[in-house]
Amino acid sequence: MLITEIFRPAEQFQRSIALYADTVKAGFPSPAQDYIEKTLSLDDLCIRTPAATFFVRASGSSMEKAGIHDGDVLVVDRSLPPGHRKIVIASVDGEFVCKRLDLSVPSKPVLRAESDDYPDITLGDEDELEIFGVVTTVVHAL
């Protein structure tokens with residue numbers, strides 16, 4: 001999965017939406033009922049460290065089993081450590097990719113695709129790897 005666009009938030013959304021106290025099983029609570037618990041900002045839900053967060057748009061289908069589809073917007077936090085099994089945005093020899101980081105053998109990191117149709121990227125000594133951040137949230141339309 002390649003990264004097609006990078007968006008850095010210029011400012012936070014600053015919009016809060018009503019958050020209902022009840023969970024939804026097969027419907028939506030009536031807006032006429034007084035079930036509103038509080039308001040919730042998408043910033044509060046998706047962005048932990050605004051100064052270290054950016055958005056990217058994914059391209060391709062190599063991460064579909066992880067729930068990342070072509071055209072999705074990914075929220076990426078540069079302040080989080082890129083640990084084992086985390087989904088990361090990385091640059092491999094200058095090409096940006098979104099993959100799952102496998103550190104089973106720390107001296108030989110592997111960037112794993114989440115699709116049987118794409119190969120994993122096994123890094124050799126000559127490959128240049130830079131991790132730009134950890135994907136924390138995926139935004140896609142239904």
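This is a short dialogue on reading confidence, strand pairing and burial in a predicted model.

Colleague: Where in the protein chain is confidence lowest, and where is it highest?

Modeller: Where pLDDT is low, the predicted coordinates should not be read in detail. Here strand S1 (residues 2-7) has the lowest confidence, with a mean of 54, while strand S8 (residues 110-112) has the highest, at 97. The protein chain as a whole averages a pLDDT of 82, and 74% of the residues score at least 70.

Colleague: Which strands pair with S6, and in what sense?

Modeller: To place a strand, list its partners and count the bridges. S6 (residues 87-92) is joined to strand S7 (residues 95-102) by six bridges, and the two run antiparallel. S6 also pairs with strand S10 (residues 129-139), again in the antiparallel sense, over five bridges. For the register, take one bridge on each side: Ser-91 has Phe-96 as its partner in S7, and Ala-90 has Ile-131 as its partner in S10.

Colleague: How many residues lie between the strands in the hairpin of S6 and S7?

Modeller: For a hairpin, read the connection and then its backbone angles. Two residues separate S6 from S7. Within this hairpin, Asp-93 has a positive phi, near 50 degrees.

Colleague: Which residues of S6 point one way and which the other, and are they buried or exposed?

Modeller: Sort the side chains by direction, then check burial for each set. Ile-87, Ile-89 and Ser-91 point one way from S6; Val-88, Ala-90 and Val-92 point the other way. Both sets are buried, so S6 counts as mostly covered, with six of its six residues under the 20% cut-off for relative accessible area.

Colleague: Why is Leu-74 classed as buried?

Modeller: Start from the accessible area, then look at the surroundings. Leu-74, in strand S5 (residues 73-77), is classed as buried because its relative accessible area is 0%. Leaving aside residues up to four places away in sequence, Leu-74 touches a set of residues that includes Phe-54, Ile-68, Cys-98 and Val-135. Ile-89 of S6 is also among them. Another contact is Ala-58, which is 16 residues away along the chain, with a C-alpha separation of 7.1 Å from Leu-74.

Colleague: What lies 2.7 Å from a polar atom of the side chain of Thr-53?

Modeller: For a polar side chain, look at burial and then at polar partners. Thr-53 belongs to strand S4 (residues 53-59) and is buried, with a relative accessible area of 2%. The backbone oxygen of Thr-49 is found 2.7 Å from a polar atom of the Thr-53 side chain.

Terms used. Residues numbered from 1 in each chain as written. Predicted model: local features only at pLDDT ≥ 70, side-chain atom pairs only at ≥ 80, totals over all residues. Heavy atoms only, no water. Buried < 20%, exposed > 50% of the residue type's maximum accessible area, 1.4 Å probe, protein only. Helix = DSSP H or I, 4+ residues; strand = E, 2+ residues; numbered from the N terminus. Pairing = 2+ DSSP bridges. Contact = heavy atoms within 4.5 Å. Polar contact = N/O pair within 3.5 Å; in protein donor to acceptor, adjacent residues only side chain to side chain. pLDDT = per-residue confidence, 0-100.
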